[in-house]
Amino acid sequence: MNTALLNNKVGIPRAISYYNNYPFYYGFFKSLGIEVVLSDKTTTKIINEGCKYVVSDTCLPVKVFAGHVVNLLDKGCNVIFVPSIQSTGYKINNCSKIRGLPEIIRNVINREFKMIEPTLDKTENINFKSFCNQIANAFEIKDSNRIKKAMADGWKAYDAFCEMAQSGVPYQEALKNAIDGKLVKKSVDIVKPLSVVIMAHGYNLFDERISMNIIKKLEKMDVKVYTSLNVSRDAAISSIHSLGEIQYWANELELTGTAAYYLLNNKVDGIIALSAFGCGPDSLMVDEMMYHCKEKGMPLIHLTIDEHTGEAGFVTRLEAFVDMLMRKKRSILNKNSGKIKKQSAEVVKIKTDKILTGSAK
Ligand code: SF4
């Protein structure tokens with residue numbers, strides 16, 4: 001280990017696991033007295049930088065991750081957090097790229113830096129406590145009580161984030177509040193003419209550059225947007241099982257679990273699947289949901305993104321989908337209002353008949 005590089009600072013790339021776990025990481029490192037340096041928000045320059053290092057057929061999120069590592073190095077941060085999250089439950093696996101992320105980064109970025117690369121692999125009994133111990137040990141912190149306290153602080157920030165996000169507080173706001181140690185919940189759910197759920201990895205959806213700000217674009221079209229943040233872990237798991245499926249992928253709750261929850265509760269007018277071009281796990285999960293949506297008559301659109309995706313074409317597909325949902329909803333409402341009119345006409349007719357025969361009471 002090159003201890004000369006350790007200066008009680010850690011760089012966290014604003015990519016991949018950052019989008020799911022940052023409140024925990026922040027609370028944990030802060031409690032250990034380690035300063036967190038974040039890479040900048042994703043820009044075209046960061047994406048292009050990542051693309052220079054990673055082979056072209058790798059998915060966009062990994063290229064973006066490499067770009068964020070370079071961004072941190074350019075900022076002078078030479079200790080970078082690159083976890084290897086193999087499995088998050090027994091045989092609940094991540095894709096090979098997330099599992100081998102430290103290896104990819106080590107082999108493609110030929111600059112001097114130290115990686116903090118803990119492994120989480122619940123299939124192999126490497127649990128979350130061990131994951132946290134590996135991080136602390138890399139900074140030569142061995143005191144188990146100190147590590148335990150840091151874990152508790154991490155969970156506190158993470159739980160607050162989840163509680164706020166689940167109540168409907170937007171992602172960035174919930175994240176900022178959790179980091180600031182605040183708990184602000186949303187009590188009123190705004191009703192809009194249409195609602196959709198987006199099934200996507202957090203790192204694709206909440207990175208505004210990668211997702212091309214899809215949430216804000218839909219909100220401008222007067223569409224209410226639900227995401228995995230609005231669904232509890234238990235509800236997502238039981239929804240997958242209710243569709244007769246099993247969870248295999250670590251990130252499946254963000255995709256199949258979330259979409260299944262809204263499909264089964266009939267809570268939305270449509271489902272948007274947003275995934276990176278060439279992603280194996282996503283193509284399986286989206287296909288699975290397409291099958292269930294077809295069975296239940298729920299519209300689903302699959303939007304794929306890569307570094308070449310143009311915003312104009314992306315917006316056109318989104319607008320076309322929203323238009324189609326609106327037409328479908330109007331025709332259902334018209335049909336139903338026709339039924340209601342017909343029903344009330346029948347009630348009047350029955351009452352009139354009874355009055356004429358003298359039996360009405
Ligand atoms: S799950 Fe898909 S998008 Fe995510 S890192 Fe793996 S291959 Fe890339």
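Here are some exercises with worked solutions on the structure above.

This is a predicted model, in which local features need pLDDT of at least 70 and side-chain atom pairs count only at pLDDT 80 or more, while totals for chains, interfaces and linings use all residues. Residues are numbered from 1 along each chain as its sequence is written, and side-chain values use heavy atoms, with hydrogens and water left out.

**Exercise 1. The overall picture**

Describe the secondary structure, the extent and the burial of the protein.

Solution.
- Step 1: Start with the secondary structure, where helices (H or I, at least four residues) and strands (E, at least two) are DSSP runs numbered from the N terminus. The protein has 14 helices and 11 strands.
- Step 2: Next comes the extent. Along the principal axes, the C-alpha atoms fill a box of roughly 100 × 45 × 35 Å.
- Step 3: For burial, use relative accessible area with a 1.4 Å probe and protein chains only: buried is under 20%, exposed is over 50%, and partly exposed is in between. Of the 361 residues, 49% count as buried.
- Step 4: Finish with contacts, meaning heavy atoms within 4.5 Å. Among contacts between residues at least 6 apart in sequence, 71% join residues at least 24 apart.

**Exercise 2. Two domains and their interface**

Work out how domain 1 and domain 2 meet, and which residues of domain 1 lose the most area to domain 2.

Solution.
- Step 1: Set the bounds, which come from an automatic or database domain assignment. Domain 1 covers 3-179 and domain 2 covers 194-326. Their C-alpha centres are 25 Å apart.
- Step 2: Look at the contacts: 28 residues of domain 1 touch 25 residues of domain 2.
- Step 3: Turn to buried area, the accessible area (1.4 Å probe) that two parts lose on being put together, summed over both. Between the domains this is about 2,200 Å², with 60% given by carbon and sulfur atoms. On the side of domain 1, Tyr 19, Leu 60 and Gln 166 lose the most, together 23% of what that side buries.
- Step 4: Check for salt bridges, each a side-chain nitrogen of Lys or Arg within 4 Å of a carboxyl oxygen of Asp or Glu. The count between the domains is one. Lys 63 and Glu 307 meet in a salt bridge at 2.7 Å, N to O.
- Step 5: Add polar contacts, pairs of N or O atoms within 3.5 Å; within protein, one must be able to donate a hydrogen and the other to accept it, and residues adjacent in sequence count only if both atoms are side-chain atoms. Eight residue pairs, both at pLDDT 80 or more, are in polar contact across this interface.
- Step 6: Several elements give two or more residues to the side of domain 1 that touches domain 2, including helix 1 (18-31) and helix 7 (144-166). Helix 3 gives the most, with four residues.

**Exercise 3. Lys 217 in its surroundings**

Is Lys 217 buried or exposed, and what does Lys 217 touch?

Solution.
- Step 1: Locate Lys 217 in helix 10, residues 214-220.
- Step 2: Lys 217 counts as buried because its relative accessibility is 17%.
- Step 3: Leaving out residues up to four places away in sequence, Lys 217 touches Met 212, Glu 311, Val 315 and Leu 318. The side chain of Lys 217 reaches the backbone oxygen of Met 212 at 2.6 Å.

**Exercise 4. Salt bridges that tie parts together**

Which parts do the salt bridges of Glu 163 with Lys 185 and of Lys 192 with Asp 222 tie together?

Solution.
- Step 1: Recall that side chains of opposite charge can pair when their charged atoms come close. The count here comes to 13 salt bridges.
- Step 2: In the pair of Glu 163 and Lys 185, the closest N and O atoms are 3.1 Å apart. Glu 163 lies in helix 7 and Lys 185 in the loop between helix 8 and strand 8 (194-199), so the pair ties together parts 22 residues apart in sequence.
- Step 3: Lys 192 pairs with Asp 222, the closest N and O atoms being 3.8 Å apart. Lys 192 lies in the loop between helix 8 and strand 8 and Asp 222 in the loop between helix 10 and strand 9 (223-226), so this pair ties together parts 30 residues apart in sequence.
- Step 4: Lys 192 is partly exposed at 25% relative accessibility, and Asp 222 is partly exposed at 39%.
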